[in-house]
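The following exercises introduce a protein structure one part at a time. Each begins with a task and continues with a solution in steps.

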Amino acid sequence: MTSTAAKQNPESWSTLFAAHLEAVKKRSAVALSATGYDALLVHAGTPPLLFQDDHHLPFKVQAPFKVWTPLTDAPDSFVYFVPGRKPLLLLHAPVDYWHKSPELPRTYWSDAFDIVSCPDRAAARGALPKDMARTAFIGEPFGELVSWGVGSINPEHLMAQLDYSRAAKTPYEVAALLEANVLGARGHAAAEKAFRAGGSEFDIGLAFMAACGLRERELPYNPIIALNEGGAVLHYQVQMREKPARFHSLLIDAGAEFAGYASDITRTHSFDNAEFAALIKRFDELQLKLCAQVRVGADWRDIHQSSYRAISEFLREADVISASADEAVDTALTSVFYPHGIGHLLGLQVHDVGGRQRDPAGGEIERPYNHPFLRLTRKLEDGCVVTVEPGFYFIDQLLAEARAKPIGQKINWARVEQLKPFGGIRIEDNVVARVGTHENLTRMAFSS
Ligand SMILES: [Mn+2]
C-alpha cells in the first residue's frame, strides 16, 4: 500500500476488505458445492527461469490468487480455503541469504487469514491436510503437484463459476480501482508535461512511471507511448529514445496498479495543431456520451454498435469519409479506421475474465457479426467495471486494403494524407455500471 488514501484511512480499507473477502468466500463456497469439491487451493504462481540462466522473468501474481489477497510480490504462496473456516495463507518465505524474504504481513487484510510461513513447497504441502482428494487446485501446475493428491487441477466448471463472479466488483475492488486511476491520472499529467516539453517517447514513459511511483514491472501492462504516426499502431511498444524532427501528437495508453487492481487509461494530445486539438475535443464528447450508456442491464454489444455508429458520424463530419453514417456502418467502412472493440472488463487483469460467458456454468455469448475483436458480450451488472475506449486511426495496412476495394472510393484520401502524421485518437476511461447510471473512475481521478 503506497497510496495516500490507504495511509490516511486504514480502518476504511480493512472494513472494505473484510466485506470483500466475505463475498469471495461466499461465492467460492457456492461454486465449490455446485461442482462437487470441499476445498480450494490457489497458487500465486512462480516466475519462469530464463533458459540456461539463474534469472527469473519478472513475477506477475495469478489473478485467482489476487482476488483473495493483494499480496502481489510473494511468488509460490498459496491460499487454502474450506467453506466455513478462516482461509489459510501459506506464505512462501525462503530461508536464503541471497534474497530478502517477505515478512509476515500486518496490514488491513492480514487478520482475515491464518498465515503460515513456509520456506519451501514441501513445507507448504506439510501445512495442508493429508487427504486432498476433494480439493480443487487453481493455478499453473508445477512438478511436485502430481504427488500432492489434489482432486482436480483447474476444473473447468469451477473455473467458469469463479471467473463469471469476478465481473461485478465489490465496493473494496471499486475503491482499489479508483486508487489505480488516481495513480494513473498522476502519471498521465506528468506524461503530458514531458510531451509539451519536447521529450522523447522514452522520456515520456519515465515521467509516467515516476509520477505513478511504480517500477515498470509493477505496471499492469506495458504502456503504449506513441508520438505522431506511432499512434496508428494499436499495440505500439517501441518507446523511441530519439526525438522526432517535429512533434504532432501523443497517444498514450498507460495505467497504474493498486492492491493488484489495474487502471487502463488512454489520452491523446495535440502538440500545437489547433485543428487536431478540435478533433480531440469533439472525440472526447463522443466518448463521454458512450460512457453515459454504461448502466446495469445494458448489453455491451449495443454499446459497441452505438460506438461504431458514432465514429461513423464523426468520420463523416471530419471529412475523412464521404459515405453517410448508415452506409459506413452497412459496408463496414468504419472498420478501416476503428478496427477494435469499444472496451472490456477491467479488474485484477487488464482484460478481465468472463467477458463473453453466458452464465456462471459457462457457455459463450456470440460477438456481433463483423466485430470479431469484441472482448465483452455480457449484459452489465451492478459493479461491473469496463473500459470505454473508442478510437480511430490511419493504419497503413487497412488503408491499403480499403484502397483496392469499392469502399476505398468513399475515403477522402487527401484528408487522410493530411491527418496521417497525427496517427490517430483514442480516449479511454474506466467506468462502473450502476442502476440507471454510471461512475467514471478516470474522470473522478483526473479532477481529484
Ligand atoms: Mn483497454
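Helices (H or I, at least four residues) and strands (E, at least two) are DSSP runs, numbered from the N terminus. The model is a predicted one, in which local features need pLDDT of at least 70 and side-chain atom pairs count only at pLDDT 80 or more, while totals for chains, interfaces and linings use all residues. Residues are numbered from 1 along each chain as its sequence is written.

**Exercise 1. The whole chain**

Describe the secondary structure, compactness and burial of the protein chain.

Step 1. The protein chain holds 13 helices and 18 strands.

Step 2. The radius of gyration, taken over C-alpha atoms, is compared with the globule rule, 2.2 Å times the number of residues to the power 0.38. The protein chain has a radius of gyration of 24 Å, close to the 22 Å given by the globule rule for 448 residues, so the chain is as compact as a globular protein of that length. The C-alpha trace spans about 70 × 45 × 45 Å along its principal axes.

Step 3. A residue is buried if 20 or more other C-beta atoms lie within 10 Å of its own, exposed if 12 or fewer, and partly exposed in between, with C-beta atoms placed from the backbone. Of the 448 residues in the protein chain, 45% are buried.

Step 4. Two residues are in contact if their C-beta atoms, placed from the backbone, lie within 7 Å. Among contacts between residues at least 6 apart in sequence, 69% join residues at least 24 apart.

**Exercise 2. A pair of helices**

Determine how helices α6 and α7 cross and which residues meet there.

Step 1. Two packed helices are described by the angle between their axes and the distance between the axes. Axes are lines fitted to C-alpha atoms, for helices over the stretch in contact, and angles run from 0 to 180 degrees between N-to-C directions.

Step 2. The axes of α6 (residues 171-196) and α7 (residues 201-212) come within 7 Å and cross at roughly 145°.

Step 3. A crossing is left-handed if the near helix is turned anticlockwise from the far one by less than a right angle, and right-handed if clockwise. The crossing of α6 and α7 is right-handed.

Step 4. The residues of α6 that take part include L183, A190 and F195, and those of α7 include I204, F208 and C212. By class, this contact of α6 with α7 has 12 nonpolar, two polar and three charged residues. Here Ala, Val, Leu, Ile, Met, Phe, Trp, Tyr, Cys and Pro count as nonpolar, Asp, Glu, Lys and Arg as charged, and the others, Gly among them, as polar.

**Exercise 3. Two open sheets**

Establish the strand order and pairing in the sheet that contains β7 and in the sheet that contains β14.

Step 1. Strands of a sheet pair through backbone hydrogen bonds, either parallel or antiparallel. Two strands pair if DSSP finds at least two bridges between them.

Step 2. One open sheet has three strands in the order β7-β8-β11, with antiparallel pairing. Its edge strands are β7 and β11 (265-270), each of which pairs on one side only. Neighbouring strands of this sheet are turned by 5° against each other on average, direction ignored.

Step 3. Four bridges join β7 to β8 (residues 249-254), and I224 has D253 as its bridge partner in β8. Strands β8 and β11 pair over six bridges, and I252 has R267 as its partner in β11.

Step 4. In β7 (residues 224-227), I224 and A226 point one way and I225 and L227 the other way, and all are buried.

Step 5. Another open sheet has three strands in the order β14-β17-β18, also with antiparallel pairing. Its edge strands are β14 (385-388) and β18 (437-440), and the twist averages 40° from one strand to the next. Four bridges join β17 (residues 429-434) to β18, where R434 stands opposite T437.

Step 6. Helix α8 (residues 274-291) lies across β14, β17 and β18, running at about 155° to β14.

**Exercise 4. Three loop residues**

Is each of A259, N370 and P339 buried, partly exposed or exposed?

Step 1. A259, in the loop between β9 (257-258) and β10 (261-262), is buried because 25 other C-beta atoms lie within 10 Å. Its phi is near 50°, a positive value in a residue other than glycine.

Step 2. N370, in the loop between β13 (362-364) and β14, counts as exposed because it has 12 C-beta neighbours inside 10 Å.

Step 3. P339, in the loop between α10 (325-330) and β12 (357-359), is partly exposed because 18 other C-beta atoms lie within 10 Å.
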